[in-house]
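This report describes one structure in plain terms. Please look at the sequence and the model below before reading on.

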Amino acid sequence: MTVLLENKVAVIYGGGGAVGGAVARAFAREGARLFLAGRTPGPLEAVANDVSIAGGSVEVGRVDVLDADAVERHAARIVEEAGRLDVSFNLIGYGDPAAP
């Protein structure tokens with residue numbers, strides 16, 4: 001069986017949310033090595049636990065994803081550790097899109 005993300009390194013910013021968690025689980029099923037990032041460790045750890053139980057490779061990083069410099073430093077650490085970064089998926093939001 002072919003997996004779409006075999007031997008790929010992926011970071012998911014906002015990986016602890018409902019959509020981010022679903023994306024993380026799907027990426028893991030497809031063989032990606034995952035790095036989940038966000039500001040709230042609890043939900044990230046819950047998703048990471050699910051991925052680990054299913055046999056996936058996952059690490060969690062607390063990152064203020066609204067701080068561009070922090071995101072750049074985080075991505076650089078991933079490249080340093082994993083040797084590359086193939087997929088960066090951004091699922092964060094800020095503000096109220098319905099607000100004037």
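Gly 17 counts as partly exposed because its relative accessibility is 35%, where buried means under 20%, exposed over 50% and partly exposed in between (1.4 Å probe, protein chains only). Gly 17 sits in the loop between strand 1 (9–13) and helix 1 (18–29); helices (H or I, at least four residues) and strands (E, at least two) are DSSP runs, numbered from the N terminus. From Gly 17 to Gly 83 the C-alpha to C-alpha separation is 27 Å, with their positions 66 residues apart in sequence.

The model is predicted: local features need pLDDT of at least 70, side-chain atom pairs count only at pLDDT 80 or more, and totals for chains, interfaces and linings use all residues. Residues are numbered from 1 along each chain as its sequence is written, and side-chain values use heavy atoms, with hydrogens and water left out.

An open sheet is formed by 4 strands in the order 3-2-1-4, with parallel pairing; two strands pair if DSSP finds at least two bridges between them. Strand 3 and strand 4 (87–90) are the edge strands, each pairing on one side only.

Strand 2 (residues 33–38) and strand 3 (residues 57–62) run parallel and are joined by 6 bridges. Two opposite positions are listed here.

| Strand 2 residue | Opposite residue in strand 3 |
|---|---|
| Leu 34 | Val 58 |
| Leu 36 | Val 60 |

Helix 2 (residues 41–53), together with strand 2 and strand 3, makes a right-handed β-α-β unit: with the strands pointing away from the viewer, the path from the first strand over the helix to the second runs clockwise.
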